[in-house]
Amino acid sequence: AEAWNLTRTEPSPEASRELHMPAAPATSDDHKKEGNELFAKGDFLRAAAAYTRGIKAAPDSHVLYSNRAQAFLRLHKVGKALEDADRCIALAPDFVKGYHRKASALHALGEPARSEEAAELLLGAIERGMEDRELVRLGVTVGGKAFAARLDAFRKAAAPVAPEEGDKPAAPPPPAKKAALLA
């Protein structure tokens, strides 16, 4: 019969430390990445859960609230989406997607008054300088021709005024001043 020689070897001190070290905790970016991957696969529930873990790691991340709002919208959890969109806007008032998420949630409620509120929200964002194709597209979706007309009126009012016929353009500076300006 063959004898087996089974000797026990101890791991090196470095390997021993690695075996007993806990894994580094996942960061909010790790959870965001996971959520984005799940969202892309259409697994909106697990994506929302990943974004929630990210929010626990970074409670002031407006992007995670925006992403979770979008996942909630896909799950038809409109109230939760609206809460997250509000939190996103509170954290980052200049973040366009926050307004897009909130307007989408308001419109998803299916009430004409809430769709009008969504259109107002979008117009307000655009008037504050957040002109974005997606905001305009959503505005036309929720507010129709009335939104388009109001946006057009805003743009015309905000456009620089062209000189009237008969108004003379400003005369060029005299040559001496012109030379001084170029120096």
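This passage looks at two helices and a loop in a predicted model.

The model is predicted, and local features need pLDDT of at least 70, side-chain atom pairs count only at pLDDT 80 or more, and totals for chains, interfaces and linings use all residues. Residues are numbered from 1 along each chain as its sequence is written, and side-chain values use heavy atoms, with hydrogens and water left out.

A good place to start is helix 7, which covers residues 112–127. Helices here are DSSP runs of H or I with at least four residues, numbered from the N terminus. The expected span of a helix is 1.5 Å times one less than its number of residues. Because helix 7 has 16 residues, it should span 22 Å, and its end C-alpha atoms are indeed 22 Å apart. Among the buried residues of helix 7 (buried means under 20% relative accessible area, with a 1.4 Å probe and protein chains only) are S115, A118, L122 and I126. Their cover includes helix 6 (96–108) and helix 8 (133–158). Just after helix 7, G129 adopts a positive phi of about 100°.

Next comes helix 5 (residues 78–91), the home of D84. D84 counts as buried because its relative accessibility is 5%. Leaving aside residues up to four places away in sequence, D84 is in contact (heavy atoms within 4.5 Å) with Y65, R68, A69 and F72.

The loop between helix 4 (62–74) and helix 5 holds H76. H76 is a residue other than glycine, yet its phi is positive, near 65°. With a relative accessibility of 69%, H76 counts as exposed (over 50%).

Conventions: Helix = DSSP H or I, 4+ residues; strand = E, 2+ residues; numbered from the N terminus.
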